[in-house]
Amino acid sequence: MSDEEAINENPQDGRDDVDRESSILNEEINKAEIKEMEVHHHPHVEKKNFKEYFLEFLMIFLAVTLGFIAENLREHITESHREKEFAQSLYTELKDDSTVVAAKVLLRLDKEKEMEHLSAYFKDSSLTDLPKFFYPAFTKDFYLINTYTFEPKDGILTQLRNSGAILNFKNIGLQKLFGNVSVSINNIRYRNDQEYQFFADPIKPFLLKHFDWSWYDELRNKDTDTSSLSVINRYMQSSNFYKGQILHVESLDRIEAANMVLFYKQMLVSTRTLQLNNYVNLNHALLELLRKNYSLENE
């Protein structure tokens, strides 16, 4: 049988193949159309009402507000911590000074009494046969200047003022006392300068002319303590006696020497009763207020 005859015998088979291919092609076209519709489809978005918008706004507002409050709280805690640290440092500095100034006041009271005795001795006692007490008193009253000088510390206070950190202290009473203490410290330093100027002239020229430095040199060679005052006090309590003399005694004016001692004494009394006493009171008030405001240790 020829090929043509075979085809003519089964015509239905050829139509079936064509139908199947057509069906497959239509199915592919439908799928492509569906995908294209899905790509271009815009879903319907439901509009929000006022209540939903308000809730969203409220949540954002609360979040921002809480963040702001938390930041302010953090800054407040940091400032409070820094303020207390400054308060503790200042308290320590002032407390140390309160101890030092109290000791200086006691030393000055003893010196003032000795100056009265020394002045009286210059007026009417022997200038050639000197008792044991004369040179210790002469040395303490006229030579040991720094031993009796109070040098207030204000390192922390100056740091607070220069850095602007003093503004961290919100208490008005504290800020007022800071200013008063600063003024008092400056007054003490000015008074110290005045006392030193009087030592430079006329006391120093008087010492160079009349003071027996060999006596002081012998005393210091017998005791190696760095504190001259301690050396002198031990000498007075001992049975030792190092004889000294007043140099150029023939040219010494008794009345002038006695008056110079008393004038110097009055200068020391004035410093003690005014500048030092004022500082002691302000120092005590400031320490008390710092303890009260920052729960610091007691004296």
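These notebook entries record what I looked up in a predicted model.

**Entry 1: the largest pocket**

I began with the largest pocket and noted a volume of about 170 Å³. I then asked which elements give two or more residues to its lining. They are α6 (172-210) and α9 (254-294). I recorded that α6 provides the largest share of this lining, with four residues.

I listed the lining residues of this pocket as Pro-202, Phe-206, Lys-209, His-210, Ser-251, Leu-252, Asp-253, Glu-256, Ala-257 and Met-260. Sorted by class, the lining of the largest pocket holds five nonpolar, two polar and three charged residues.

**Entry 2: the cavity**

I next asked how many cavities of 30 Å³ or more the structure holds. I found one. The largest cavity encloses about 50 Å³ of space.

For its lining I wrote down Leu-130, Pro-131, Lys-132, Tyr-135, Pro-136, Trp-215, Tyr-235, Phe-241, Tyr-242, Lys-243 and Gly-244. Eight residues of this cavity lining are nonpolar, one is polar and two are charged.

**Entry 3: Ser-126**

I turned to Ser-126, which I located in the loop between α3 (50-124) and α4 (134-142). What does the side chain of Ser-126 reach at 3.3 Å? I noted the backbone nitrogen of Thr-128 at that distance. A polar atom of the Ser-126 side chain also lies 2.9 Å from the backbone nitrogen of Asp-129.

I then checked the accessibility of Ser-126. Its relative accessible area is 32%, so Ser-126 is classed as partly exposed, given that this class runs between the 20% limit for buried and the 50% limit for exposed.

**Entry 4: positive phi angles**

I looked up the backbone angles with one expectation in mind: most residues other than glycine have a negative phi. I entered two residues here.

His-248 is not a glycine, yet its phi is positive, at about 50°. I placed His-248 in the loop between α8 (228-237) and α9. Is His-248 partly exposed or buried? I classed His-248 as partly exposed because its relative accessibility is 44%.

Ser-295 is likewise not a glycine and has a positive phi of about 50°. I found Ser-295 in the segment after α9. The relative accessibility of Ser-295 is 63%, and therefore I entered this residue as exposed.

**Entry 5: recapitulation**

I closed by setting the volumes down again: about 170 Å³ for the largest pocket and about 50 Å³ for the largest cavity. Beside them I kept the contacts of the Ser-126 side chain with the backbone nitrogens of Thr-128 and Asp-129.

Notes:
Residues are numbered from 1 along each chain as its sequence is written. This is a predicted model: local features need pLDDT of at least 70, side-chain atom pairs count only at pLDDT 80 or more; totals for chains, interfaces and linings use all residues. Side-chain values use heavy atoms; hydrogens and water are left out. On a 1 Å grid over the protein atoms alone, a cavity is a set of points where a 1.4 Å probe fits but cannot get out, and a pocket is an open set with protein on both sides within 12 Å along at least five of seven lines; lining residues have an atom within 4 Å of a point. Grid points are joined across faces, edges and corners, and a volume is the space filled by probe spheres set on the points. Ala, Val, Leu, Ile, Met, Phe, Trp, Tyr, Cys and Pro count as nonpolar, Asp, Glu, Lys and Arg as charged, and the others, Gly among them, as polar. Buried means under 20% relative accessible area, exposed over 50%, partly exposed in between (1.4 Å probe, protein chains only). A polar contact is a pair of N or O atoms within 3.5 Å; within protein, one must be able to donate a hydrogen and the other to accept it, and residues adjacent in sequence count only if both atoms are side-chain atoms.
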